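Biologist: Could you take me slowly through one part of this model, the place where two helices pack against each other, and then add whatever you can say about a single residue elsewhere in the chain?

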Amino acid sequence: MKTLLAPVALIAATLSVPAMAKDADLDSLIKAAQKEGAVYSVGMPDSWANWKDTWADIKSNYGLKHQDTDMSSAQEIAKFEAEKRNATADIGDVGFAFARVAVKKGVTQPYKPQTWSDIPEWAKDEDGHWALAYTGTISFISNNNLVKDAPKTWDDLLKGDYKVTVGDVGVAAQANNAILAAAFAKGGNESNLDPAINFFAELAKQGRLSFTDPSIANLEKGEVEVAILWDFNALNYRDSIDRERFTVNIPQDGSVISGYTTIINKYAKNPNAAKLAREYIFSDQGQINLAEGYARPIRTNVTLPQSVQDKLISNDQYSNVHPVTDFSAWEKSARRLPRQWQENVLIHQQ
């Protein structure tokens with residue numbers, strides 16, 4: 001369950017080139033997908049990352065029907081594994097950390113779209129089982145009516161006189177990644193979160209750690225001064241409430257970049273439709289659709305319309321962001337985090 005528009009003409013140019021796709025000739029793939037007639041997704045609802053426009057494009061361009069059931073990454077993988085030959089889902093969208101879990105459980109099948117070479121090496125599986133379609137980077141959102149100087153660094157946060165909310169650490173992926181981002185900024189890494197724990201302990205000692213849920217409703221009510229969120233959530237909230245009322249910045253002393261990846265069900269009843277959906281998602285127009293939903297496209301060689309660029313944070317703010325490279329270490333640290341947070345941070349809360 002996730003909390004994150006454009007004309008379709010461009011896809012004709014993007015997907016009609018005569019080049020061979022990695023796993024199948026594209027014309028043959030389109031015909032096979034049209035024969036199947038539908039694609040069933042999980043965790044890809046209309047409201048998240050603007051999937052709405054991508055599903056509309058796939059229907060208008062190829063005549064494929066679509067239906068989604070929203071669920072979490074873990075639930076998606078469990079569904080693929082439980083249903084096997086009685087699969088009711090063809091494709092899902094899971095968080096970066098869950099991609100390897102899905103492959104390890106043997107519930108995915110590979111497919112490399114034509115634009116495979118445009119995807120950074122760190123953001124894809126060498127065999128084609130998964131590839132991030134869009135990224136999220138931990139950011140700060142500040143209420144300009146309550147905060148005089150919007151923070152641009154973690155050091156700025158520590159020097160401020162406002163309260164900071166980080167969400168449900170130890171439970172929510174967004175909050176956990178906020179801790180990892182602070183660790184990167186303060187000299188730590190996936191296996192060493194101590195610098196971040198010390199940072200938030202200092203905030204707690206100052207009485208400046210807020211336990212208000214950093215939801216769009218609480219932001220709108222003015223109950224959040226500064227929150228630490230994925231950039232696509234922060235930008236979406238900003239524009240949904242009042243663009244002039246909020247400032248969104250990527251912390252310049254370090255942050256973490258992660259993202260979401262499609263996984264194609266090994267047991268999919270409509271495997272060609274699922275592969276065609278992935279092909280479209282990584283096309284120019286598919287990437288533009290995601291950007292319309294405030295998700296940052298993984299392909300940097302796509303020219304976004306100016307109206308879309310204006311919705312996002314400028315590229316120069318992303319010069320000091322770090323992808324997770326040691327997943328084993330991060331998984332271990334994330335498991336220890338709830339106790340660390342309780343014993344070293346919450347104990348100081350005034």
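**A helix pair and a glutamine**

Modeller: Helix 2 and helix 11 cross in a left-handed sense, and, as with everything that follows, this is read from a predicted model. Helix 2 spans residues 26-36 and helix 11 spans residues 271-281, and the two pack with their axes 7 Å apart, at an angle of about 125°. Because angles of 65 to 115 degrees count as roughly perpendicular and those over 145 as roughly antiparallel, helix 2 and helix 11 are oblique to each other. On the side of helix 2, the residues that take part are Leu26, Leu29, Ile30, Ala32, Ala33 and Glu36, and they meet Pro271, Asn272, Ala273, Lys275, Leu276 and Glu279 of helix 11. Sorted by class, this contact between helix 2 and helix 11 is made up of 8 nonpolar, 1 polar and 3 charged residues.

For the single residue, I would turn to Gln174, which sits in helix 7, residues 173-185. With a relative accessible area of 19%, Gln174 is buried, since buried means under 20%. Once its neighbours within four places in sequence are set aside, Gln174 is in contact with Ile138, Ile228, Leu229, Trp230 and Asn233. Of these partners, Trp230 offers its backbone nitrogen, which the side chain of Gln174 reaches at 2.9 Å, while Asn233 lies 59 residues from Gln174 in sequence, with the two C-alpha atoms 9.9 Å apart in space.

Note on methods. Residues numbered from 1 in each chain as written. Predicted model: local features only at pLDDT ≥ 70, side-chain atom pairs only at ≥ 80, totals over all residues. Heavy atoms only, no water. Axes fitted to C-alpha atoms, helices over the stretch in contact; angles between N-to-C directions. Helix = DSSP H or I, 4+ residues; strand = E, 2+ residues; numbered from the N terminus. Parallel < 35°, antiparallel > 145°, perpendicular 65-115°, else oblique. Left-handed = near helix turned anticlockwise from the far one by under 90°. Contact = heavy atoms within 4.5 Å. Nonpolar A, V, L, I, M, F, W, Y, C, P; charged D, E, K, R; others polar. Buried < 20%, exposed > 50% of the residue type's maximum accessible area, 1.4 Å probe, protein only. Polar contact = N/O pair within 3.5 Å; in protein donor to acceptor, adjacent residues only side chain to side chain.
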